Amino acid sequence: MSRAAQLTIAIPYYSHRDFLVEAIDSVLAQTSEDWELLVVDDLGPEPAEDLVAEYDDPRIRYVRNEVNLGLAGNWNECVRLARTPWVTLLHADDRLLPEYAARVLAATEKVTADVSVIFTDASIIDESGRPTTTAADLAKRFARRLAHDHPLRGDHDLAPLLAANYIICPTMCLRRDLLGEAPFRASWRFVPDWDLTVRELLAGRQLYSVRTALLEYRRHAKQQTSLLTEDSSRFVEEFAFLDEMGARAAELGWTRSAHAAHRRISTRGHVAMYVVLDLLKGRFAAAREKSRLLADDLRAGRRRRLGADSGLGA
């Protein structure tokens with residue numbers, strides 16, 4: 001089966017061996033066997049070669065990097081090492097639902113030649129694997145989307161994605177012949193996946209949405225996104241990203257997308273929510289830092305609008 005496989009499910013791994021077991025088990029539970037599994041250990045503190053070897057399955061490969069490549073670097077290494085036309089980056093703390101491979105592979109048979117990414121919906125679980133949700137997850141449900149499977153293209157579909165990044169990274173299945181071996185930009189610490197999908201749409205390619213939850217996305221205190229939210233670094237990066245993508249959209253005349261990037265309602269709302277949470281938890285310095293960041297961004301937004309109204313700039 002593995003010689004003819006069309007899909008590599010690659011797990012970029014660093015730590016949490018117990019979560020890794022759940023991730024691997026979820027791959028083995030797939031209803032389709034048209035896959036290979038690749039675990040790429042980014043020189044983490046908890047090597048897992050022995051754990052993977054216990055499965056004694058020729059479809060599973062384990063690679064431990066000689067140096068730490070970082071988040072985007074290890075994602076690119078997963079893509080580079082894949083031997084199949086399509087590759088999914090299953091995060092080591094998440095779980096695929098049994099129909100994921102079958103549904104994604106079915107989608108690859110019917111998408112057009114310029115579709116570079118297929119993605120699915122996801123459900124949210126907590127550290128113990130129980131269903132949960134967050135305010136940010138609830139907000140993303142209001143993004144303007146069709147209720148059935150559909151392609152995304154152009155200004156009309158990019159604008160909601162810039163307003164709220166509703167694509168869950170480990171649901172994404174990447175087409176290697178279009179994206180190459182290093183599709184993620186290492187300059188981004190937090191948004192390399194958002195950056196990829198937005199750049200693909202700006203380049204005139206399409207994404208394809210499978211509107212079924214086929215992955216369980218785990219939110220817990222030790223995941224990288226949570227750690228980055230303890231200070232303002234995550235939001236500083238998101239604002240910089242939206243500035244860059246808004247400018248690119250404006251150059252193309254994609255006014256909806258440029259407007260969504262400049263308004264950045266979701267990111268601003270997320271910052272405001274964390275200001276309140278920091279205050280409630282007594283983290284007053286952190287609350288002040290985020291408050292200043294939000295105030296500065298709102299002032300910059302007003303300056304942009306005034307410039308646009310006066311004909312001086314977008």
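Welcome! A good place to start is helix H6, whose buried residues are Asp155, Asp157, Leu158, Ala159, Pro160, Leu161 and Leu162. Please keep in mind that this is a predicted model. From H6 we can move on to the nonpolar cores, then to strand S6 and its partners, and finally to two cysteines.

**Helix H6 and its surroundings**

- With 7 of its 10 residues buried, H6 is largely enclosed by the rest of the structure.
- The cover over the buried residues of H6 includes strand S7 (150–152), H8, S9, H10 and H11.
- Valine 198 touches three leucines that are on the list of buried H6 residues: Leu158, Leu161 and Leu162.
- Setting aside neighbours within four places in sequence, valine 198 is also in contact with Phe241 and Met245.

**The nonpolar cores**

- The largest nonpolar core has 43 residues, and the members that touch the most others are Leu89, Leu162, Leu174, Val198 and Phe241.
- Several elements give two or more residues to this core, among them strand S2 (35–41), helix H3 (70–81), strand S4 (86–89) and strand S6 (115–125).
- Helices that also give two or more residues include H6 (154–163), H8 (192–202), H10 (233–252) and H11 (255–263).
- A second core, separate from this one, holds 36 residues, including Leu105, Ala107, Ile124 and Val210.

**Strand S6 and its partners**

- Strand S6 is largely enclosed by the rest of the structure, because 9 of its 11 residues are buried.
- S6 pairs with strand S9 (residues 206–218) in the parallel sense, over 9 bridges.
- Within that pairing, isoleucine 124 of the second core stands opposite tyrosine 217 in S9.
- S6 is also joined to strand S8 (residues 173–175), this time by 2 bridges and in the antiparallel sense.
- Here isoleucine 118 has cysteine 173 in S8 as its bridge partner.
- As background, side chains in a regular strand alternate between the two faces of the sheet.

**Two cysteines without a disulfide**

- The count of disulfides in this model is 0.
- Cysteine 169 is in no disulfide, and the nearest cysteine sulfur, belonging to cysteine 78, is 10 Å away.
- Cysteine 169 counts as buried, because its relative accessibility is 7% and the cut-off for buried is under 20%.
- Cysteine 173, the bridge partner of isoleucine 118, is likewise in no disulfide; its nearest cysteine sulfur is that of cysteine 169, 12 Å away.
- Cysteine 173 is buried too, with a relative accessible area of 0%.

Key:
Residues numbered from 1 in each chain as written. Predicted model: local features only at pLDDT ≥ 70, side-chain atom pairs only at ≥ 80, totals over all residues. Heavy atoms only, no water. Core = buried A, V, L, I, M, F, W, Y, C linked by side-chain atoms within 4.5 Å. Buried < 20%, exposed > 50% of the residue type's maximum accessible area, 1.4 Å probe, protein only. Helix = DSSP H or I, 4+ residues; strand = E, 2+ residues; numbered from the N terminus. Contact = heavy atoms within 4.5 Å. Pairing = 2+ DSSP bridges. Disulfide = S-S within 2.5 Å.
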